[in-house]
Amino acid sequence: MSLQVEISVEADAWTALPDLSGLTERTIAACQRVSDVPLRDGAEVSLLFAGDVAVHALNKRFRGVDKATNVLSFPGTGDAETAEFLGDIAIAFETADREAKDEGKPLDHHVAHLIAHGFLHLLGFDHETAEEAEDMEAMEREILESLGIPDPYAGTSLADEPLEP
């Protein structure tokens with residue numbers, strides 16, 4: 001099964017991660033393995049690596065939230081298992097960078113987490129209830145562990161402080 005990953009980099013600051021494409025591909029492949037959601041051959045996903053200004057505008061327009069956020073997911077229509085287009089993920093550099101620094105994490109580790117979080121939303125996973133949050137958090141931990149990235153929730157819980165959808 002081949003998934004088509006379209007990457008757009010709109011903010012020059014993303015050069016801080018010289019292997020952004022490789023990081024994205026590895027993270028999405030890990031998401032596919034861990035989630036075990038069968039996808040249509042040739043299904044597509046689009047990732048936008050932008051700055052806070054662009055993600056702020058998207059957040060305001062589509063969610064009615066007037067601020068930047070770390071990651072936004074816009075699922076395609078229909079069931080992820082049969083969809084030709086899974087959806088879009090947008091990640092804001094300044095917010096991701098600030099969070100990584102505040103949490104004492106390498107930027108690439110935090111960005112992998114944001115990619116995984118966004119991609120799981122496209123597959124239909126959510127964290128609206130405590131049970132959903134626990135399941136999604138467990139998958140994120142397993143995805144990141146498979147990439148050699150330490151537990152991003154050490155000492156916290158997605159149920160306590162969920163990422164933006």
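User: Which class does Lys-105 fall in: buried, partly exposed or exposed?
Analyst: This is a predicted model, with local features at pLDDT of at least 70, side-chain atom pairs at 80 or more, and all residues in totals for chains, interfaces and linings. Numbering runs from 1 along each chain as its sequence is written, and side-chain values use heavy atoms, without hydrogens or water. Buried means under 20% relative accessible area, exposed over 50%, partly exposed in between (1.4 Å probe, protein chains only). At 25%, Lys-105 is partly exposed.

User: Which residue forms a salt bridge with Lys-105?
Analyst: A salt bridge needs a side-chain Lys or Arg nitrogen within 4 Å of an Asp or Glu carboxyl oxygen. For Lys-105, the closest N and O atoms of the pair are 2.7 Å apart. The partner has 42% relative accessibility and counts as partly exposed. That partner is Glu-103.

User: How many salt bridges does the rule give?
Analyst: The Glu-103 and Lys-105 pair is a salt bridge. So is the pair of Arg-141 and Glu-137. By this rule the count comes to 6.

User: How far apart in sequence are Arg-141 and Glu-137 in helix α5?
Analyst: Their closest N and O atoms are 2.6 Å apart. Both residues sit in α5, separated by about one helical turn. In sequence the separation is 4 residues.

User: What is the relative accessible area of Glu-137?
Analyst: Its salt-bridge partner Arg-141 is partly exposed at 29%. Glu-137 itself is buried, and its relative accessible area is 5%.

User: Which residue lies in the segment after α5 and pairs with Arg-141?
Analyst: The N to O distance in this salt bridge is 2.9 Å. Arg-141 is in helix α5 and its partner in the segment after, so the pair ties together parts that are 10 residues apart in sequence. At 35% relative accessibility, that partner counts as partly exposed. The residue is Asp-151.

User: Which residues do the salt bridges with shared partners join into one network?
Analyst: Arg-141 pairs with Glu-137. Arg-141 also meets Asp-151. The one network therefore joins Glu-137, Arg-141 and Asp-151.

User: Which α5 residues do the α4 residues meet?
Analyst: Contact means heavy atoms within 4.5 Å. From α4 come Ala-112, His-113, Ala-116, His-117, Leu-120 and His-121. Across from them in α5 are Met-136, Met-139, Glu-140, Ile-143 and Leu-144.

User: Which residues of helix α3 (residues 93–103) are buried?
Analyst: Their cover includes β2 (44–50), α2 (52–63), β4 (85–92) and α4. Helices (H or I, at least four residues) and strands (E, at least two) are DSSP runs, numbered from the N terminus. The buried residues of α3 are Phe-93, Thr-95, Ala-96, Asp-97, Glu-99 and Ala-100.

User: What phi does Gly-104 take?
Analyst: Gly-104 comes just after α3. Its phi is positive, about 65 degrees.
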